[in-house]
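Thank you all for making time this morning. I would like to walk through one structure with you, going from the contact between the chains to the nucleic acid and then to a few individual side chains.

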2 protein chains.
Amino acid sequence: MSTQTRAPLSRDRLLSTAAALADAEGLGAVTMRRLAAEVGVEAMSLYHHLPGKSGLLDSLAERVIEEIAAEVAAAGPAPQDWREDVRRRCLLARSVMLRHPWAPGLVSSRTEVPVAAYAHFEALVDSMVRGGLSYHLAHRALHALGSMALGYVSEIFSPAAAGGSTDTEAAEEQLAAMADVFPQITAMVAAELHDHNDPVLGWCDSQSEFEFTLDLLLDGLDRLRSDA
Amino acid sequence: MSTQTRAPLSRDRLLSTAAALADAEGLGAVTMRRLAAEVGVEAMSLYHHLPGKSGLLDSLAERVIEEIAAEVAAAGPAPQDWREDVRRRCLLARSVMLRHPWAPGLVSSRTEVPVAAYAHFEALVDSMVRGGLSYHLAHRALHALGSMALGYVSEIFSPAAAGGSTDTEAAEEQLAAMADVFPQITAMVAAELHDHNDPVLGWCDSQSEFEFTLDLLLDGLDRLRSDA
DNA sequence: ACCTGAACACCGTTCAAGT
DNA sequence: ACCTGAACACCGTTCAAGT
């Protein structure tokens with residue numbers, strides 16, 4: 001189809017083509033061989049620009065999150081009210097997911113959290129903390145809202161993701177590296193680590209997060225009962 | 001491994017083996033060839049008991065929902081308080097999902113909602129309506145809580161799922177067939193159809209559902225603010 | 001540096017053939 | 001009725017070879 005076979009093969013062009021292919025025919029249609037054909041080349045050529053199928057999918061997940069960031073940037077300055085800001089960000093995230101129905105499944109199937117997501121989290125935490133939420137509450141909000149937009153966000157910052165070791169030292173190091181770029185996230189993690197220093201479990205107790213969100217919903221429903 | 005090669009190949013045994021295989025090595029390990037090998041037979045023999053790979057996965061999704069039902073049954077009589085009942089059901093659903101980490105992804109990747117899920121929905125709606133929630137609110141609750149337990153429940157009762165036609169007639173027929181088995185769900189759908197008879201869109205306006213859940217969470221977070 | 005052909009070890013599935 | 005071998009059209013990936 002492409003009369004533009006002249007365009008040089010690049011990582012970025014491959015990712016765009018892969019995303020378009022997934023939009024049109026589903027994520028199942030994105031195979032190395034098919035993607036190569038779509039761009040007028042043999043399957044093996046892709047390995048010069050991508051580290052393999054799994055890396056392709058990781059990059060694709062990253063791309064979706066970046067698309068959300070672009071959407072947020074295009075929406076203009078953030079509302080000063082934290083609720084409005086958070087609400088708008090969630091709705092924009094959803095609108096992107098609707099454009100790419102394969103995206104939620106892809107993101108939640110990957111073990112690694114897309115790095116672009118951290119900027120998104122930082123903005124959310126910043127907004128919420130300025131709005132009067134504690135770091136603890138902001139953390140829970142991240143899980144509650146994240147599970148809405150993505151389907152599931154099991155463990156946002158797993159120590160295991162950074163390296164093999166599960167000890168607190170590794171977590172502290174990770175923290176220091178993030179401090180400059182993501183100050184609010186760092187403060188949040190530090191506050192949580194300080195409160196309950198449980199080195200064995202990951203510091204995201206997903207059972208607690210689940211129950212928190214569940215009770216938030218049940219409280220809300222109770223308040224809306226007709227006979228209340 | 002199986003010294004029990006004597007056991008006759010049956011649909012049920014295949015599904016059990018497939019579930020165990022997914023538990024042990026992930027859903028990716030569940031291939032027709034591997035499943036066959038696991039049970040001491042050639043891949044092609046599976047087609048005598050299963051309609052193919054896609055059917056296998058559908059049945060596997062069904063099985064997980066049935067496991068939740070069994071868990072609920074084992075937990076004894078339902079609490080009379082609607083909140084306690086709904087809460088317990090959600091937590092039990094989650095505990096099953098934790099046993100089968102592949103399950104949420106599988107269920108949400110299937111286009112069809114497992115039929116066993118309707119009994120689950122019926123019980124939830126019944127509990128909530130008795131608790132004073134309107135059918136409308138119960139419907140929204142189903143979406144909000146469903147997205148928690150499964151990651152996502154896009155369209156619970158799509159008219160398209162029943163057949164090709166999207167008109168209200170087909171929906172009415174579907175309704176009549178369900179009335180005996182699932183009276184509360186039927187009443188809920190009837191109430192919703194009556195309120196806003198929008199025959200073009202599916203009656204689950206997922207954008208509205210999303211915003212409803214989002215606002216429920218934001219309201220709850222606002223109420224928990226430290227400076228409130 | 002970038003692309004390729006042939007090859008390897010996998011998929012799901014069909015079909016004619018065995019018992 | 002149930003199982004199988006060979007075959008087909010696919011996968012992702014490696015590797016030596018081309019330019």
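**Chain contacts, DNA strand D and selected side chains**

Let me begin with polar contacts: between chain A and chain B there are ten residue pairs in polar contact, counting pairs in which both residues are at pLDDT 80 or more. On the side of chain A that touches chain B, helix H4 (82–99), helix H7 (135–150) and helix H11 (206–223) of chain A each supply at least two residues, and H11(A) gives the largest share, with 16 residues. If we sort the residues on that side of chain A by class, we find 21 nonpolar, ten polar and ten charged. I should say plainly that what you are looking at is a predicted model, and please keep that in mind for every distance I quote.

How much area is buried between chain A and chain B, and what part of it do carbon and sulfur atoms give? The area is about 4100 Å², and carbon and sulfur atoms give 66% of it. The contact itself draws 41 residues from chain A and 41 residues from chain B.

Now to the charged pairs. In general, side chains of opposite charge can pair when their charged atoms come close. Over all chains the structure holds 27 salt bridges, and seven salt bridges are counted between chain A and chain B.

One salt bridge between the chains is formed by Arg83(A) and Asp219(B), whose side chains meet at 2.7 Å, N to O. Because Arg83(A) sits in helix H4 of chain A while Asp219(B) sits in helix H11 (residues 206–223) of chain B, this pair joins two chains. Are these partners buried or partly exposed? Arg83(A) counts as buried, at 19% relative accessibility, whereas Asp219(B), at 30%, counts as partly exposed. Another pair that I would point out is Arg87(B) with Asp215(A), a salt bridge in which the closest N and O atoms are 2.6 Å apart. There is also a network of salt bridges, which links Asp219(A), Asp222(A), Arg225(A) and Arg83(B).

Within chain A, I have picked out two further salt bridges. In the first of these, the side chains of Arg99(A) and Glu71(A) meet at 3.2 Å, N to O, and the pair links distant parts of the chain, with Arg99(A) in helix H4 and Glu71(A) in helix H3 (residues 53–74), 28 residues apart. Both ends are partly exposed, Arg99(A) having a relative accessibility of 40% and Glu71(A) one of 24%. The other joins Asp126(A) to Arg130(A) at 2.9 Å, N to O, and here both residues lie in helix H6 of chain A, four residues apart, or about one turn of the helix. Arg130(A) counts as exposed, at 67% relative accessibility.

Let me turn to the nucleic acid. Which residues come nearest to DNA strand D? Of the 15 residues around DNA strand D, the nearest are Arg33(A), Tyr47(A), Lys53(A), Glu42(B) and His48(B). Of the atoms of DNA strand D that come within 4 Å of the protein, 49% belong to sugar and phosphate. By class, the surface near the strand has six nonpolar, five polar and four charged residues.

Several approaches to phosphate oxygens of DNA strand D can be described atom by atom. In Met32(A), a backbone N or O atom lies 3.0 Å from a phosphate oxygen of the strand, and in Lys53(A) a polar backbone atom is 2.8 Å from one. With Ser45(B) the atom is a polar side-chain atom, and the distance to a phosphate oxygen is 2.9 Å.

I will finish with two loop residues. Arg110(B) lies in the loop between helix H5 (103–109) and helix H6 (116–130) of chain B, and since its relative accessibility is 18%, under the cut-off of 20%, Arg110(B) counts as buried. The side chain of Arg110(B) reaches the backbone oxygen of Ser54(B) at 3.0 Å, and, if we leave aside neighbours within four places in sequence, Arg110(B) is in contact with Ser54(B), Leu57(B), Asp58(B) and Ala61(B).

In chain A, Val113(A) is found in the loop between helix H5 (103–109) and helix H6 (116–130). Val113(A) is partly exposed, with a relative accessible area of 24%. Measuring nothing but the model's own C-alpha positions, we find Val113(A) and Glu62(A) 8.6 Å apart in space, with their positions 51 residues apart in sequence.

Key. Residues numbered from 1 in each chain as written. Chains lettered and ligands numbered in written order. Predicted model: local features only at pLDDT ≥ 70, side-chain atom pairs only at ≥ 80, totals over all residues. Heavy atoms only, no water. Contact = heavy atoms within 4.5 Å. Buried area = accessible area lost by both parts, 1.4 Å probe. Salt bridge = Lys/Arg side-chain N within 4 Å of Asp/Glu carboxyl O. Polar contact = N/O pair within 3.5 Å; in protein donor to acceptor, adjacent residues only side chain to side chain. Nonpolar A, V, L, I, M, F, W, Y, C, P; charged D, E, K, R; others polar. Buried < 20%, exposed > 50% of the residue type's maximum accessible area, 1.4 Å probe, protein only. Near = heavy atom within 4 Å.
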